Structure formats: C-alpha cells, structure tokens
Amino acid sequence: MKYTAYKGVIQALLSGCLLISTYVYAQPQLITDDVQLRIKPMHQTGMTTQSDFNVTTQPFEQSIDVRQFDLTHDAESILQTAASDTAPPVFSIALNNAYKDTLTADSPEHWYAFSANEAGKVTVIASQIPSNMTYKAYLYSKPAGDASADYTSVGFSTTLGALRQQIAATSSAASDYILVIRSEGENYGDSFVLTTAFSTKYDDNEPNDNFWQATNVEGMGPITGQMDNMYDLDVFKIEIPTQKQLVFALTGEGYGNYKAELFNANGQSLGVIDDKDPASATLSAGTYYWAVRADGDKVVATDTYTLTTTEKLAGLSLSVTTDEYGSRRIDYGRGDYFALKTSAVIKGQAINSAGEPIATAKLKFEFQSNAGKSLNEVAWATTDDNGNFELTVKSPADYGRLLFYGPVYTYHYDLHALVIYVDYGGKLSPIPQMVIDETSYDGSRSKYTTDKGYIIFYDISHLTYHG
C-alpha cells in the first residue's frame, strides 16, 4: 500500500530530522511544519467480535500469572514545543532509546521519524498506555535517503484497550521509518512510553510481534524461535479444530527465563506458562495466539526456545508379546506377570479422555529395578495418525537373583518394571491408565486395566537343568 500523495510532505519533514549517527540521547528535535494530510489506518483482519467467540477453559495446572506486558526502565521525555493546533506534530527520535510523550485531546496523533543505517529488524513499542484509552500504532518505511521513494505500510498494532502496542519490521537494507501513534478515548493527559530497538540477528519467523503479524502454525507441531532483543515478542497463530484437552510445555536455551501467554481470538489473555512446568487447559474449537517472551536482560539471539502443544493422554490400550510364553502371563510365585528372556513387542494405541486416538504422542519405555533405578534400557515410540504405535523393548539382562523351580529347569530371574511415560515437550509424565490384552492359560483372550504407569516382567537371566 503506497501513499504517493504524502511523499513530498514526508520528505520535507524528514529533511530536518537528526540522523541516527549524530543522535545520542539528545533532546529529540521537534519538526514544527504543519502537516495537514494523514496516513490512513491499515485494514484490520483476522479478529472477531466478543459476541462471535465462545471458549470453555479449565484452570492451568501451574499457577497463572495473568498480566499486561510492561516496561520499567527509565524513559527520556519528549517535550512538546509545537503549537497546540499542529496536526499532527512530528518528532525526530532514534533507535535503541526510550521516550515519554503525551497525547492530548487537541493533539491526539503524533508522528515519529527515525532511520536504520543498516539491514536489520526494527521494534517499536508504545507501553504504559493510559487506562480507558486505545492507542493505535502504524509503521511505514522506505529505502534510506531515497527522495523518490514512497512510504509503504510495514505493520500495525491496534488492540483495543491494550496497555501496550508493538510492531516489528525487517529490512534487507538501510531504511527510513515513520511511526504513527493515534489515540482514542476520554482519558487524555497522561504520558506513555515509546521504546525503539534494533537487531541485526533474528529468526525466520520475524516480523511477528503482534496478532496481525502472527506466524501461522500448521497443526499442533512444535513452535521454535529465538529472542533477538530484550523487547522481542514472538506471536504465533494456531487453529484448534475441535474441543481438546491440551498440555503445553515451554523449554529454552540459555538464561532467557521464557514465558508464553495464551490468547483467544479476541486478544483476551487465558494465562501465562513458564519454562519450568507443563500446564494444561481444555480449549474449544477456534483460533488462538501464543505470545512468547524472555524476561530479563540476558537474551542471546542464538538461543532457541521450543513451545509444544500436545493433546492430553488419558491412557494406553496395548498388547504385549514376549519371547517367553508369547502374550500369556505366568506366576513364578510372585504374581501374574509377563515373562521375557531378551525382548518383548509392545503394540498399542494412545487415547484421550473421550476414547479417541491421539496422533504424534511421544512415548518413552524404560526398564527400572524394583527400587526405581533405571536399568539403561530405553525405547521410544511416536503414535501415527491413528494413535497407534509398535516397538520392541529389550531385556536389561540383569543377574537373576530370584529363583523359580520348574519341573525340569530352575529359572533365574529378576522382577523389572517397564515404566511408560508420555513426553510433553521434554517433560515426562507417567501414563495414567492402561488397558492390557493378555492370553489366558486356556488360550482365551482377556483384558485387564491398571492405573499403574508400568508393566511388571519376570526378566529371565538364565536357566539351570536339575532333571
């Protein structure tokens, strides 16, 4: 979208601006030329009204930190020196600075001109917006120093009633920018904070710093990204086709102290998760947004975070076939268990609370001793589109400390537990319930249900003949 009609006016305005190379925390220069023409708002798409949206949620399992994003560092004041009837006033600002400014009923819209003298990502943030006000932000750019070029729209953020509006833009060359902040409401007179940042390193998702710039995520696959500066906000758009009970997990490299906030289609916060523990919620079908940020000042642009969304697993339906007695359980005097010598084949299906299959569930199978110690035999399986999986688990080959005297042989065995976990984004959770097929002594098939997250095996080490 181009604004040729404004080219001459904007070029004249920018000709008086201080260049970034000479601007170091000086009083921003105010351009006092009257500006009669305004850049029109960009069309908003993708958001619905409150009456169009219905969501049923359950509380997150971890505590919720529902809050608006905020900036707390010191800000440099912009002092208004133009006449009150200047419409709109234009200020010269610089990247990597923070300012305070005030919009009034007489001057409800301000323009801010700045430049980036190399390729990179620009981030602009209006924060600490007065309550009962809506500030709308629009960003425009053109090639640096090109007097013949038009300013074109590169992003906007217009969330109603938000305490913060943020826009990002990337460019492969030096660029000149105009930021337009337009206010609506009745609570004029209080200041807000305007912050600018510049990054030369950023991930392929950028720019995605608000709902309208959100990166579309296919299905419920993992989301990965990087924080390119301490103000970066990565927004992702996901579609939930049917109501689901979901588990969310966030992990990150370095010292980012990552957090992710979930929003519904109207931009209403549903809760915040951190990078320590998974959280769960039941979401109705619809559009949702994740906004990922890193608290603190130790952001490294090469550190990667991963946000996973997994359907919550209610249980497994499975069968066991071993190299000793097949799918039959036996009793060596300590209970009815499966027995194996070297391996067993596990087949099954992962299901949700409605009994429906869960695709792409990641399962871990680990043999442990009766003391809960890992025996270093681990296998993994991922369910297919129908929720099915199949794998072979191998005996940990222990010493055979226990004995069973059979008619001909003495069985030297150990009792081992095959513990099964579901992996929620790197966080392991025990299987809550299993329905297991077995073959009875008479050859008939039956099922038994257990709320234990493991299967006990007689793990046969060796046999001795006693005649």
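User: Which side chain meets that of Arg329 in a salt bridge?
Analyst: In this predicted model, Arg329 sits in the loop between β21 (315–324) and β22 (330–331), and its partner, 109 residues apart, belongs to strand β30 (residues 434–439). Arg329 is buried, and so is the partner, Glu438. The two side chains meet at 2.8 Å, N to O, and the residue paired with Arg329 is Glu438.

User: How many residues apart in sequence are the parts that the pair of Glu109 and Arg182 ties together?
Analyst: The side chains of Glu109 and Arg182 meet in a salt bridge at 2.7 Å, N to O. Glu109 lies in strand β5 (residues 109–116) and Arg182 in strand β10 (residues 175–185), so the pair ties together parts whose separation in sequence is 73 residues.

User: Is Arg401, which meets Asp414 in a salt bridge, buried or exposed?
Analyst: The side chains of Asp414 and Arg401 meet at 3.5 Å, N to O. Asp414 lies in strand β28 (residues 409–424) and Arg401 in the loop between β26 (388–394) and β27 (402–405), so the pair ties together parts that are 13 residues apart in sequence. Asp414 is buried, with a relative accessible area of 5%. Because the cut-off for exposed is over 50% and Arg401 has 55% relative accessibility, Arg401 counts as exposed.

User: Which strands stand at the edges of the open sheet of five strands?
Analyst: The sheet has mixed pairing and runs in the order β12-β14-β19-β16-β17. Each edge strand has a single partner strand, so one side of it is left without a neighbour in the sheet, and the strands in that position are β12 (215–216) and β17 (269–274).

User: Which residue in β19 stands opposite Leu262?
Analyst: Strand β16 (residues 258–263), whose range takes in position 262, pairs with strand β19 (residues 286–294) in the antiparallel sense over six bridges. In β19, the residue that stands opposite Leu262 is Trp290.

User: Which strand gives the largest share of the lining of the largest cavity?
Analyst: The count comes to one cavity of 30 Å³ or more, and the largest cavity has a volume of about 50 Å³. Val217, Gly219, Met220, Gly221, Ile223, Ile238, Glu239, Ile240 and Thr309 line this cavity, and by class they comprise five nonpolar, three polar and one charged residues. The largest share of that lining, three residues, comes from strand β14 (residues 234–240).

Notes:
Residues numbered from 1 in each chain as written. Predicted model: local features only at pLDDT ≥ 70, side-chain atom pairs only at ≥ 80, totals over all residues. Heavy atoms only, no water. Pairing = 2+ DSSP bridges. Helix = DSSP H or I, 4+ residues; strand = E, 2+ residues; numbered from the N terminus. 1 Å grid on protein atoms, 1.4 Å probe; cavity = no way out; pocket = protein on both sides within 12 Å on 5 of 7 lines; lining within 4 Å. Points joined across faces, edges and corners; volume = space filled by probe spheres on them. Nonpolar A, V, L, I, M, F, W, Y, C, P; charged D, E, K, R; others polar. Salt bridge = Lys/Arg side-chain N within 4 Å of Asp/Glu carboxyl O. Buried < 20%, exposed > 50% of the residue type's maximum accessible area, 1.4 Å probe, protein only.
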